[in-house]
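Subject: Model for you to look at

Hi,

Here is the model I promised, with the sequence alongside. Could you open it and keep it on screen while you read the notes below?

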Amino acid sequence: MEILKVVVFDLLASAPILVGIIALTGLLLQKQPADKVISGTLKTIVGFLVFGVGSAAAVTALAQDKFGTTVSLVMLIGFLCNLLVAKFTPLKYIFLTGQHNLYLAALLTIMFKALGMSNSLTIIFGGIILGICAGLFPAIAQPYMRKVTGDDELAMGHYVTVGYALSGWIGSKVGKPEDSTENLNLPGWLTMFKDYVVGVSITMIIFFYIAAIAAGKGAVEELSGGVNWLVYPLFQGLGFSAALYVIITGVRLFLGEIVSAFVGISEKLIPNARPALDCPVVFPFAPTATVIGFLAAYAGGLVTMVVMGLIGTIVIIPVAVPYFFIGATAGVFGNATGGWKGCVAGSFVVGILIAVGPALIYPIMENIGLTGTSFPETDFNIVGLLVYYIGQLLQSVF
């Protein structure tokens, strides 16, 4: 059992390796020459290595410590069910963001254990639900994903798809796609923000300085490793921007390879299959929207935090890094349908959702001993709450 757990985490939980296996399979099915098989597989893995980013690692670590083997098996059964769903239903999406499937497997395990379900039933039901979700949620966002990418070759493999689809829908109601963030005519020195590296660098440096000043010298120096507490935020902001640049470089490196490799999968194994990939895959389509989307989403999170404090409920503090990736992606979706107005409005609403959702599911997490943790992703919260309350209803009836 321990060996199986290691294999699952090392392979399926590693998105680059999983995507590499898919690419290898697709190229072999196309009977490509050995040099193209090796080159395409390695480029896919290397490209994915530099762009894969997880947003819920702390929660996952706690869930693995408590239910490690069960989470592993839920994820394994879930991936196999995803392939079956893609093969035999209209949901032709293969979810390749391995770490996000791992997070959903952890959430499902938590919900079923909170209901008092045995490990065996948790693995069976959790795996089936995970497999269905892996095909269903990319389908929800796909109409808007087509508007982002301009074709139907890629899908969104990040479990905030309800939020991204909502952002796209809001964008279509408040603005026009021709008023894209990428076409903004900014006055004077503000034009430098059209370069996403500059925009992200300045924005994140400001955020890190605000956080450092709020935390105080002592707290920052505990983390800085000897770096002066006023210099440390500068390094963190620049480092984040550099990481984003590497992510987008990685996207450009592997996109052509994985799409080409999927031709083999689609033709030979699962007709019309599409790869569902992590959220940074959309960043190159509207880089300016990523910065605006992050700021709008964070504003939504701050407003929600204040409201939560005033009404005396659980308060969710918006954290910059997950808010960046989720807000940025929502911004790209909103921009694709409503230009800069859609980017702002859609991301702002998503920023509210990823504060409200964790507050709703937090009591369940707390009841099972995972105090101080929650999941920001909209899809996670929807699935988790449905599983838990439907489970309670069925238990009361039977």
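One definition before anything else: the helices (H or I, at least four residues) and strands (E, at least two) I mention are DSSP runs, numbered from the N terminus. Please also keep in mind that this is a predicted model.

With that naming, Gln 32 sits in the loop between α2 and α3. Its relative accessible area is 27%, so Gln 32 is partly exposed. Its C-alpha atom is 9.8 Å from that of Gly 264, although 232 residues separate the two along the chain.

The loop between α2 (15-29) and α3 (34-49) also holds Lys 31. Here is a bit of background on backbone angles: most residues other than glycine have a negative phi. Lys 31 has a positive one, near 55 degrees, and is not a glycine. With a relative accessibility of 75%, Lys 31 counts as exposed. Asn 272 is another non-glycine residue with a positive phi, in this case about 65 degrees. You'll find Asn 272 in the loop between α10 (232-269) and β3 (274-277). Its relative accessibility is 52%, and the cut-off for exposed is over 50%, so Asn 272 counts as exposed.

Now for α12, which deserves some time in the viewer. How far does helix α12 (residues 320-367) span between its end C-alpha atoms? Only 27 Å, whereas a straight helix of 48 residues would span 70 Å at 1.5 Å a residue. There is also a kink of about 145 degrees in α12, and Gly 338 is at its centre. The helix is mostly covered, with 34 of the 48 residues in α12 buried. After α12 comes Gly 369, with a positive phi near 100 degrees.

For contrast, try helix α11 (residues 287-311). Its 25 residues reach 37 Å from the first C-alpha to the last, close to the 36 Å expected at 1.5 Å a residue. Just after α11 sits Gly 312, where phi is positive at about 80 degrees.

Back in α12, have a look at Val 332, which lies in that helix. Val 332 has a relative accessible area of 2% and is therefore buried. Its C-alpha is 7.1 Å from that of Val 148, with the two positions 184 residues apart in sequence.

On to the aromatics. How many aromatic pairs does the structure hold? There are 14. One of them joins Tyr 164 and Phe 333: the ring centres are 5.5 Å apart and the planes are at 20 degrees, so this pair is stacked. Because Tyr 164 belongs to helix α7 (residues 161-174) and Phe 333 to helix α12, the pair ties together parts that are 169 residues apart in sequence. Tyr 164 and Phe 333 are both buried. Phe 375 and Phe 380 also have ring centres 5.5 Å apart, but their planes are at 85 degrees, so that pair is edge-to-face. Phe 375 is buried, and Phe 380 is too. If you like clusters, select Phe 207, Phe 283, Phe 294, Tyr 298, Tyr 323, Phe 324 and Phe 325, as they form one aromatic cluster.

A few words on helix packing, with α5 as the common partner. Helix α5 (residues 98-114) packs against helix α6 (residues 119-149) at about 135 degrees, and their axes are 9 Å apart. The two, α5 and α6, are therefore oblique to each other, and their crossing is right-handed. Against helix α13 (residues 378-397), α5 packs at about 25 degrees, with the axes 9 Å apart. That angle makes α5 and α13 roughly parallel, and the crossing of α5 and α13 is right-handed.

One last spot to check is Tyr 209 in helix α8 (residues 196-215). Its relative accessible area is 25%, which means Tyr 209 is partly exposed. Tyr 209 and Leu 234 are 25 residues apart in sequence, and their C-alpha atoms are 7.5 Å apart in space.

Cheers

Methods
Residues numbered from 1 in each chain as written. Predicted model: local features only at pLDDT ≥ 70, side-chain atom pairs only at ≥ 80, totals over all residues. Heavy atoms only, no water. Expected span 1.5 Å × (residues − 1). Bend = angle between axes of the 7 residues up to and from the residue. Buried < 20%, exposed > 50% of the residue type's maximum accessible area, 1.4 Å probe, protein only. Phe/Tyr/Trp six-rings, centres within 6.5 Å; stacked < 30°, edge-to-face > 60°. Axes fitted to C-alpha atoms, helices over the stretch in contact; angles between N-to-C directions. Parallel < 35°, antiparallel > 145°, perpendicular 65-115°, else oblique. Left-handed = near helix turned anticlockwise from the far one by under 90°.
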